Amino acid sequence: MKQPSSGAVLPLRARARRRSAGNSILLTSGLAIALAAVLIPFYWLVIASTHSSAEIFGSPPPLVPGDHLGENLSSLQETASFGQVVLNSLLIAVIYTVCAGLVCTLAGYAFAKYRFKGSNWMFGLLMLGLVIPSQVTLVPLFKMMAEWEWLNTYQAVIMPNLALPFGIFLMRQSMAALPDELLDSGRMDGCGEFRLFLRVVLPPMKPSLAALAIFLFLFQWNDFIWPLIVLRDNASFTIPVALSALQGVNDTDYGAILTGTAIAAIPMALVFLALQRHFVSGLLAGAVKE
Amino acid sequence: MTTTVTKTRPAPAPQGKGPRPRSRLTARRLAPYAFVFPAALLFAVFKLYPIGWSFVLSLFKSVDGVDTYVGFDNYGRLFRDPLFWTALKNTGTILLIQVPVMLALSTGLAVALNSAFLRARAIFRLGFFLPMVTGLVAYGVIFSVLLNQQYGLVNWLLSNVGIGEVPWLTDPLWAQISLGLVLTWHYTGYNAVILLARLQTIPGELYDAASVDGAGAWKSFRHVTLPGLRPAILLTTVLSTIGTLQIFDEPFILTGGGPDNATLTIGVYLYQNAFTYFDFGYASAIAYVLAVLIGVLGLIQFRVLGDKS
């Protein structure tokens, strides 16, 4: 770019451009500092998971990776059978995602694309479930699970949240965008209603389904209070429950706990990074519309 | 592909003519019920029924496993229970201080993320959303170690600039501040993304018109951005209010409600009554008061922030 001879004769546009470059640097570096502050806990988590408890609480605290990861992992395995715990978390989250995905998608489709008696008040009731705090149902649900002898089982964690109001809401919002003509032409081709759903409705919904799946998986993977209540036996714990149990004991091994925390958090962060476009856009499709 | 086939086919027979179309129509009428059925059944069993049951429970007092009907005594007890008031006050403090600060930050962040001046926008958008993906327990653990008074990284960093040990989790006031900071860390990016999506629907011509009228950055923010953001601000406010009133995981993991009950929230108190003291009747009463509180606050927010339409 040509160097302007003096400020007074600087063309207006060049001046604006120069100012915008300044703004750009200012804004970008300001946000970069804020982002660094937000991400430091993640960085530190990865570092801490490779150190022993003594090193983590040493002075100065560790800022680069150590060599204690193996010990931390075996300590996790010994004190909390962490292999089993991770398996529990994975299985529960996967089964939940598939089943809840099906339940929510079917219901969302019915609410979006059919007019039937009772649909309005049914949908209203479901949305009430979105507003009523889950704590209201904790005690009776726990009693139910105890009575059915479901404590410490996968189904106790999975079943109560299958008809997730938010999931149904999300699918209804996305399905509403599907053109009715598409469904009608499918019907004229002789599709039965269920085949119509499988062959005509689902394929174009793939991005929304991906968003729903990510949301459901994250929800279940991170869920804490309900699993904490119904899982009472160490071997049935999910990762968050096991972590909180480890934290409660005397002489807590923080190296091991932080390694477990990294196992809980880092894969989710990576999955999210890989699929974020679906997640954010799908989540917002429902949220922003009036 | 489907359309070409449609053209070659005759239109479906008029209603009631022949058995096939009629059964088709019946199938079409019944299909939505079949689709909704699993959700409706599960919702009724695992949500509606427990909601009703917990109300019944709230009318009983259980002593040593024996339930006796006490009417609304549990609710009366709530009003006389100083700990409940403490929990209510703590939750209210978060609601009145942390939530507005966080939403202001989220709005600022959303505007910044939407700014044409920003470089590497995708990275920022991802990075700020990342805390949301982290489970409550996971980040509770992270922060309880980071904020450790003697050995935590945060106090070590502060000591390097000459600031003495801050009792992040052991002093009542600092514990409340820490809780607020952690909540802000977790939810600011999420709210910013909701606001950002709305921001992108505000037409650029509005800003052009504002600048033609001589509006500076602040004026166009006040008169174009804020009104345009209104529905998203309503949404994030309502979501944050519901979330805050139910807040449980963060104080439970970070401080267990302490020190000196400074971070005892309604959610934590409810949990303690139900699953530490096994006083289900009282816990249910707390849950119902909480539900009513959420309903009332939600309605007020819709009235104040929502459009007349």
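In this predicted model, helix α4 of chain A (residues 82-113) packs against helix α10 of chain A (residues 193-201) at an angle of about 100 degrees. The two axes lie 12 Å apart. Angles of 65 to 115 degrees count as roughly perpendicular, so α4(A) and α10(A) are roughly perpendicular to each other.

Now look at the side of each helix that makes this contact. From α4(A) come Thr105(A), Leu106(A) and Tyr109(A). They meet Phe194(A), Leu196(A), Phe197(A) and Val201(A) of α10(A). Six residues of this contact are nonpolar and one is polar. None is charged.

Next, turn to the two chains together. The size of an interface is often given as the accessible area lost when the parts come together. Here chain A and chain B bury about 8200 Å² between them. Carbon and sulfur atoms account for 80% of that area. Chain A brings 95 residues to the contact, and chain B brings 86 residues. Which three residues supply more of the area that chain A buries against chain B than any other three? They are Leu31(A), Phe57(A) and Gln135(A), with 8% of that area.

Empty space comes next. Rolling a probe the size of a water molecule over the atoms shows where empty space is left. The second largest pocket holds about 690 Å³ of space. Its lining counts 24 residues. Nearest the centre of this pocket lie Ala34(A), Ala37(A), Val38(A), Leu181(B) and Trp185(B). Both chains take part in the lining: α1 (12-48) of chain A supplies at least two residues, and so does each of α4 (82-114), α6 (136-146), α7 (153-160) and α8 (172-199) of chain B. By class, the lining of the second largest pocket has 20 nonpolar and four polar residues, with no charged ones.

What of enclosed space? The whole structure has one cavity of 30 Å³ or more. The largest cavity holds about 50 Å³ of space. Chain A lines it with Trp221(A), Asn222(A), Pro240(A), Leu243(A) and Ala264(A). Chain B adds Gly135(B), Leu136(B), Val137(B) and Ala138(B). Two or more residues of this lining come from each of α11 (206-222) and α13 (239-248) of chain A and α6 of chain B. The largest share, three residues, belongs to α6(B). Seven residues lining the largest cavity are nonpolar and two are polar. Charged residues are absent from the lining of the largest cavity, as they are from that of the second largest pocket.

Definitions and conventions
Residues are numbered from 1 along each chain as its sequence is written. Chains are lettered from A and ligands numbered from 1 in the order in which they are written. This is a predicted model: local features need pLDDT of at least 70, side-chain atom pairs count only at pLDDT 80 or more; totals for chains, interfaces and linings use all residues. Side-chain values use heavy atoms; hydrogens and water are left out. Axes are lines fitted to C-alpha atoms, for helices over the stretch in contact, and angles run from 0 to 180 degrees between N-to-C directions. Helices (H or I, at least four residues) and strands (E, at least two) are DSSP runs, numbered from the N terminus. Angles under 35 degrees count as roughly parallel, over 145 as roughly antiparallel, 65 to 115 as roughly perpendicular and the rest as oblique. Contact means heavy atoms within 4.5 Å. Ala, Val, Leu, Ile, Met, Phe, Trp, Tyr, Cys and Pro count as nonpolar, Asp, Glu, Lys and Arg as charged, and the others, Gly among them, as polar. On a 1 Å grid over the protein atoms alone, a cavity is a set of points where a 1.4 Å probe fits but cannot get out, and a pocket is an open set with protein on both sides within 12 Å along at least five of seven lines; lining residues have an atom within 4 Å of a point. Grid points are joined across faces, edges and corners, and a volume is the space filled by probe spheres set on the points. Buried area is the accessible area (1.4 Å probe) that two parts lose on being put together, summed over both.
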